[in-house]
Amino acid sequence: MASMLSRGSQIHLLFLYPLPLFIKRTSGAFNCSTKSTETPTITQEKPPLPKNKLSSQNPNRALKVLEDFEPIIGIETHVQLSTLTKAFCSCPYNYGAQPNTTICPVCMGLPGALPVLNSKVIEFAVKVGLALNCKLFLNSKFDRKQYFYPDLPKGYQISQFDIPIAKDGYVDVDIPVEFGGGHRRFGITRVHMEEDAGKLLHSDNGTNSQVDLNRAGVPLLEIVSEPDMRNGIEAAEYGAELQRLVRYLGVSNGNMQEGSLRCDVNVSVRPIGQSEFGTKGAELDEVVKTYLNNIMQQVVVGKKGILHTSRMTSRALPY
């Protein structure tokens, strides 16, 4: 037990915290739970959520918003690479393995553990960069992305910041005829390498969470697009094209249901005809909500069309 000496008296740090913390390891996973010493208090019912201003004030205003504004969509895609070992150690990664069975001092971020880069990660990154028509950097480096999270054992993520492995590319996408047809080119801002974090397993009753570090250190490629998409159909087609590309190159299985392909969608709106990106405002929140509902409907419709036109299996695009 950690302790410190002050004026000849010994003070135990454990008693300085108002909530006792109990840490144990259960069933191969690290179990962390807290117990509150406060007495329960009576809580009042939460007030009902306010209704959408656009729909409550004027039902026709939502339709007018869709006519006067356009969405601006950019996507950050994380691709899990199909290497035999992790990015900086020799541990394998098998999806669905028992928690904390494929870890080592490097995965756990223990003091003195030194990472060694897997050369296959660079090879796969170069393949994807060339396939996306990017400019490759012959000299690149890794950076520390500092943030605290329970499933990040080192307290930082090994990633790339100012000198990624590839940048300034594009991908060509053909929109299906049933959705208007045409050819679209979406810009690629950058492609960089990084490592994945672990995973939290939350209990059903919400009293504790378990940390599984099997996924910690698994190599990832982050593909950042330009904000070139204007509707949900284009966003769905872009994601499907990236999925087909990484599968064709053999760098990833692209199974979204396993977390091998994850998309973070960034959406904003601006008046049609305006070249500058808009700024966030109070009334703009309602406009964004209206467009998000419309985009989600388009993505669902786009998924069905992609599955039909590409003759994929039901596991191809599990949105």
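What share of the contacts in the chain with a separation of 6 or more comes from residues 24 or more positions apart? In this predicted model, such residues account for 69% of those contacts.

**The chain as a whole**

Let us start with the overall figures. The secondary structure comes to five helices and 14 strands. The chain has 319 residues, and buried residues make up 36% of them. About 19,300 Å² is exposed by the chain, with carbon and sulfur atoms supplying 56% of that area.

**The six-stranded sheet**

A good place to begin looking is an open sheet of six strands, with antiparallel pairing and the order β6-β9-β10-β13-β5-β14. At its edges stand β6 (135-136) and β14 (261-271); each has a single partner strand, so one side of each is left without a neighbour in the sheet. Helix α3, residues 119-131, packs on this sheet and touches β6, β9, β10 (183-195) and β13 (219-225). The direction of α3 makes about 20° with that of β13.

At one edge, β6 is joined to strand β9 (residues 166-174) by two bridges, and these strands run antiparallel. Here K135 stands opposite K167 in β9.

Moving across to strand β5 (residues 69-80), you will find ten of its twelve residues buried, so β5 is largely enclosed by the rest of the structure. Strand β5 pairs with β14 in the antiparallel sense over eleven bridges, and T77 has C263 as its bridge partner in β14. Strand β5 also pairs with β13, again in the antiparallel sense, over five bridges; there, E76 stands opposite V224 in β13.

**A serine in β13**

S225 is a residue of strand β13. Its relative accessible area is 6%, under the 20% cut-off, so S225 counts as buried. Which residues is S225 in contact with, leaving aside its neighbours within four places in sequence? They are G74, I75, G187, I188, T189 and Y238. With I75 there is a polar contact as well: the side chain of S225 reaches the backbone nitrogen of I75 at 2.9 Å.

**Two loops that meet**

N214 is found in the loop between β12 (208-212) and β13, while T101 has its place in the loop between β5 and α3. These two residues are 113 residues apart in sequence, and their C-alpha atoms are 6.7 Å apart in space. The link between them is a polar one, with the side chain of N214 reaching the backbone nitrogen of T101 at 3.0 Å.

Not counting residues up to four places away in sequence, N214 touches K86, Y93, A97, Q98, P99, N100, T101, T102 and I103. T101 has a further polar contact, since a polar atom of its side chain lies 2.6 Å from the backbone oxygen of Q98.

Is N214 buried or exposed? At 3% relative accessibility, N214 counts as buried, whereas T101, at 48%, counts as partly exposed.

The table brings together the accessibility of the residues picked out in this report.

| Residue | Relative accessibility | Class |
|---|---|---|
| S225 | 6% | buried |
| N214 | 3% | buried |
| T101 | 48% | partly exposed |
| C104 | 18% | buried |
| C263 | 31% | partly exposed |

**Cysteines**

How many disulfides does the structure hold? The count is zero. C104 is in no disulfide, and its nearest cysteine sulfur, that of C91, is 3.4 Å away. A disulfide calls for cysteine sulfur atoms within 2.5 Å, so the C104 and C91 pair does not qualify. C104 counts as buried at 18% relative accessibility. C263, the bridge partner of T77 in β14, counts as partly exposed at 31%.

**The β7 and β8 pair**

One more pairing deserves a look. Strand β7 (residues 143-146) is joined to β8 by four bridges, and the two run antiparallel. In this pair, K145 has Q157 in β8 as its bridge partner. Which residues of strand β8 (residues 156-159) point one way, and which the other? Y156 and I158 point one way, Q157 and S159 point the other way, and all are buried.

Conventions: Residues are numbered from 1 along each chain as its sequence is written. This is a predicted model: local features need pLDDT of at least 70, side-chain atom pairs count only at pLDDT 80 or more; totals for chains, interfaces and linings use all residues. Side-chain values use heavy atoms; hydrogens and water are left out. Two strands pair if DSSP finds at least two bridges between them. Contact means heavy atoms within 4.5 Å. Axes are lines fitted to C-alpha atoms, for helices over the stretch in contact, and angles run from 0 to 180 degrees between N-to-C directions. Buried means under 20% relative accessible area, exposed over 50%, partly exposed in between (1.4 Å probe, protein chains only). Accessible areas come from the Shrake-Rupley method with a 1.4 Å probe; for residues, only the protein chains shown count as cover. A polar contact is a pair of N or O atoms within 3.5 Å; within protein, one must be able to donate a hydrogen and the other to accept it, and residues adjacent in sequence count only if both atoms are side-chain atoms.
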